Amino acid sequence: VNPSRSGFFTALKRFGYQVEILRRKERQGDAVGDIDVKFSRNRQSRKLGAETMQASELQYPLLSVGACYAEGESILRDIPLETKSQITELHQLVSQLKITGAEVGEFDEGLVIRGREECDSGDYDGNVNPRIALALYILCQTTHGQSNFKGIAEINTYYSEVPELIEKLQVSKDRS
């Protein structure tokens with residue numbers, strides 16, 4: 001939740017998601033927090049430019065998942081890709097997002113995503129890198145039908161608390 005990632009929360013809100021930071025704390029000199037993001041009925045596509053993408057600090061995989069659920073055509077322009085490996089990761093993300101049934105295309109330093117109300121289940125491979133693994137793991141929890149996810153080791157290594165927190169959310173969702 002540090003200021004260098006403020007564009008991420010702004011972008012989610014622009015898509016129409018309800019975002020609430022529940023608790024803030026500091027871990028290893030970085031501001032972190034528990035975040036509650038809820039679907040709203042009015043998710044709309046958006047055009048996100050360089051300023052928003054720079055302020056999102058490479059959280060484009062999560063924004064891409066958000067765009068997959070937004071009605072209409074979203075454009076994520078000027079994604080800060082500086083290395084060949086980051087460009088390769090973008091290609092891998094695009095191939096995974098196409099499994100959702102959303103129309104996904106890429107252009108120089110950006111993505112075009114025509115979202116859907118529901119994303120299709122499928123076999124998602126998050127063994128690419130931690131950011132993509134996290135985005136695909138969250139996507140798998142929200143798809144229509146049962147999805148399979150490869151890459152839980154990436155999640156456990158870099159975001160060790162996430163699977164347990166999502167499991168708690170699933171339990172509370174099932175009870176309500």
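The structure holds 0 disulfides, and it should be kept in mind throughout that this is a predicted model. A disulfide is a covalent bond between the sulfur atoms of two cysteines. Besides the cysteines, this briefing covers the packing of helix H3 (residues 60-68) against helix H4 (residues 84-97) and against helix H5 (residues 130-142), followed by two residues with a positive phi, glutamine 28 and aspartate 78.

**Cysteines**

- The cysteine sulfur closest to that of cysteine 68 belongs to cysteine 119 and lies 5.0 Å away, which is too far for a bond, since a disulfide requires sulfur atoms within 2.5 Å.
- Cysteine 68 has a relative accessible area of 0% and is therefore buried.
- For cysteine 140, the closest cysteine sulfur is again that of cysteine 119, at a distance of 11 Å, and this too is too far for a bond.
- Cysteine 140 also counts as buried, with a relative accessibility of 9%.

**Packing of H3 with H4**

- The axes of H3 and H4 come within 11 Å and cross at roughly 25°, so the two helices are roughly parallel to each other.
- H3 passes H4 in a right-handed crossing, and the contact is formed by Tyr60, Pro61, Ser64, Val65 and Cys68 on the H3 side and by Gln86, Glu89, Leu90, Leu93 and Leu97 on the H4 side.
- Sorted by class, the residues in the contact of H3 with H4 comprise 7 nonpolar, 2 polar and 1 charged.

**Packing of H3 with H5**

- H3 and H5 pack with their axes 8 Å apart and at an angle of about 25°, which makes H3 roughly parallel to H5.
- The crossing of H3 and H5 is right-handed, and in this contact Pro61, Leu62 and Val65 of H3 meet Arg131, Ile132, Leu134, Ala135, Ile138 and Leu139 of H5.
- The contact of H3 with H5 divides into 8 nonpolar residues, no polar residues and 1 charged residue.

**Residues with a positive phi**

- Glutamine 28, although it is not a glycine, has a positive phi of about 50°, and this residue lies in the loop between strand S1 (18-27) and strand S2 (30-38).
- With a relative accessible area of 82%, glutamine 28 is exposed.
- Aspartate 78, likewise a residue other than glycine, has a positive phi near 60°, and its place is in the loop between strand S4 (72-77) and H4.
- The relative accessibility of aspartate 78 is 29%, and the residue therefore counts as partly exposed.

How values were computed: Residues numbered from 1 in each chain as written. Predicted model: local features only at pLDDT ≥ 70, side-chain atom pairs only at ≥ 80, totals over all residues. Heavy atoms only, no water. Axes fitted to C-alpha atoms, helices over the stretch in contact; angles between N-to-C directions. Helix = DSSP H or I, 4+ residues; strand = E, 2+ residues; numbered from the N terminus. Parallel < 35°, antiparallel > 145°, perpendicular 65-115°, else oblique. Left-handed = near helix turned anticlockwise from the far one by under 90°. Contact = heavy atoms within 4.5 Å. Nonpolar A, V, L, I, M, F, W, Y, C, P; charged D, E, K, R; others polar. Buried < 20%, exposed > 50% of the residue type's maximum accessible area, 1.4 Å probe, protein only.
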